[in-house]
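Ready for a few hands-on exercises? Keep the structure open while you work, and try each task before reading its solution.

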Amino acid sequence: MSDLSLHFSDPNGGETGQYRLMELPQELVTLVQNDAHQQFTIRGREGDDAVLCTAHKTYNIRAITISNTFYILTPPNDQEPGDAVIRDSVKQILELSPSIPKLHRLRGLLRGYEYDEDTVEDRERRMLVDIKSEIQASDAELEASLKDGHILVLGEELRPMTPSYLNTVLELLINTLVSSSFSPEAAPASDIAESLECDHEVPQNVSLQVMSWFGDLTLDSPHEKTWRVTIVNVVRQLGIGILSAHRNTPVDEDEFLTKWRTVVGDSFENRVDLSLLLGNFITSRQSSSSKPTLTYFPSSELPVLPAERFSDLFLLQTRWRAADIAPFLSDIAIDNKERDKLLMKYARSTTDKEGVVWYTTRGGTVV
């Protein structure tokens, strides 16, 4: 090996403390190797724990102190001597770990900007480009959240659709689909959108986005789109819309199911199933012999911090069956393994004589 002439950079040059070393997991190394122009973005407000985002995933960033010192070497510039210049020394490495996207801020940022049939156009606007700078999530995760959260993108402006108006538009779409004898596998989206605009004053760009939330839109020609309906998602949303009226007044389970089947109509009533609504309600009984009632309780409105999430859940019910509590944890754990770790940390499990696993609070504050 040939000798190298090393020199330290000018101590007054302001380079000390300017460098960080980040260890990339293999999946990110592969991304960089396959695409030299791959871009990573660090996102977060001042005071947030920063995250690194690729086009499709989010990673937590954690600083790890190491026992050895790394020196940052670069080629010299025209005014520097030697073969390499020592620019800085570091004793920390930034470590990445997969994270769920931190989307909880989105609902608050868009509060007051809801869209319904009485929407007013002369108002302040929330633009997509501004929201991106506030949300700690990849572009793909944010796009999926806009779809799952039923947030319209109207000329780059973001407008969350009110649940009542969303259900109104969905019912109109399904009624038009059935009355016109269109196939759910290939319905003419442009014709349906035009019909809703003419008959019910629903703008076409709104109805087309709603269709894309509940199925796939394909472009057959410059002026023709086909809607392949995901019936189960439509049925689920109509059920949530009905259930949302029972946040403070529980509804008899059988009564709710009857109303739900009526709303979806004869063509799709066989798709009605309470399992579609898991994570959006709790079941209670006045006595062991009484009929169960349902109360609207959406997991999306619970705190995102695990300790606060479990505190709220156990304030609501002191005991949870494993199958009942799991849907309320899916959005704060990246997988079932991570969910089970949270349950071990924040809850105590017992198994009854019938083999059913129950969870109760560990008590006190867990940090």
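**Exercise 1.** How are H8 and H9 oriented to each other: roughly parallel, roughly perpendicular or oblique?

*Solution.* One reminder before we start: this is a predicted model.
- Step 1: find the two helices, H8 at residues 231-243 and H9 at residues 253-264.
- Step 2: take the angle. They pack at about 130°, and their axes are 10 Å apart.
- Step 3: compare with the cut-offs. Over 145 degrees would be roughly antiparallel, and 65 to 115 roughly perpendicular. H8 and H9 are therefore oblique to each other.
- Step 4: add the handedness, which is right-handed for this crossing.
- Step 5: list who makes the contact. H8 brings Val235, Arg236, Leu238, Gly239, Ile242 and Leu243, while H9 brings Phe256, Lys259, Trp260, Val263 and Val264. Sorted by class, that gives eight nonpolar, one polar and two charged residues.

**Exercise 2.** Work out whether Gln209 is buried or exposed.

*Solution.*
- Step 1: look for Gln209 in helix H7, which covers residues 204-213.
- Step 2: check the cut-off, where buried means under 20% relative accessible area. Gln209 has 17% relative accessibility, so Gln209 counts as buried.
- Step 3: see what surrounds it. Leaving out residues up to four places away in sequence, Gln209 touches Ile151, Leu152, Val153 and Leu154.

**Exercise 3.** Which strands stand at the edges of the sheet S12-S14-S13?

*Solution.*
- Step 1: read the order. This open sheet has three strands, S12-S14-S13, paired antiparallel.
- Step 2: count partners. S12 (251-252) and S13 (281-284) each have a single partner strand, so they are the edges, and one side of each has no neighbour in the sheet.
- Step 3: look at one pairing. S12 and S14 (residues 293-296) are joined by two bridges, and Val251 has Leu294 of S14 as its bridge partner.

**Exercise 4.** Now try the sheet S15-S17-S16: which residue of S17 is the bridge partner of Trp320?

*Solution.*
- Step 1: set out the sheet, an open one of three strands with antiparallel pairing. S15 (319-321) and S16 (347-351) are at its edges, and the twist averages 30° from one strand to the next.
- Step 2: follow the three bridges that join S15 to S17 (residues 357-361). The partner of Trp320 is Tyr359.
- Step 3: add the helix. H12 (residues 336-346) lies across S16 and S17, at about 95° to S16.

**Exercise 5.** How many residues apart in sequence are Tyr71 and Ser89?

*Solution.*
- Step 1: start at Tyr71 in strand S5 (residues 58-74).
- Step 2: Tyr71 and Ser89 are 18 residues apart in sequence, yet 4.4 Å apart in space, C-alpha to C-alpha.
- Step 3: beyond four places in sequence, Tyr71 touches Ile86, Asp88 and Ser89.

Notes:
Residues numbered from 1 in each chain as written. Predicted model: local features only at pLDDT ≥ 70, side-chain atom pairs only at ≥ 80, totals over all residues. Heavy atoms only, no water. Axes fitted to C-alpha atoms, helices over the stretch in contact; angles between N-to-C directions. Helix = DSSP H or I, 4+ residues; strand = E, 2+ residues; numbered from the N terminus. Parallel < 35°, antiparallel > 145°, perpendicular 65-115°, else oblique. Left-handed = near helix turned anticlockwise from the far one by under 90°. Contact = heavy atoms within 4.5 Å. Nonpolar A, V, L, I, M, F, W, Y, C, P; charged D, E, K, R; others polar. Buried < 20%, exposed > 50% of the residue type's maximum accessible area, 1.4 Å probe, protein only. Pairing = 2+ DSSP bridges.
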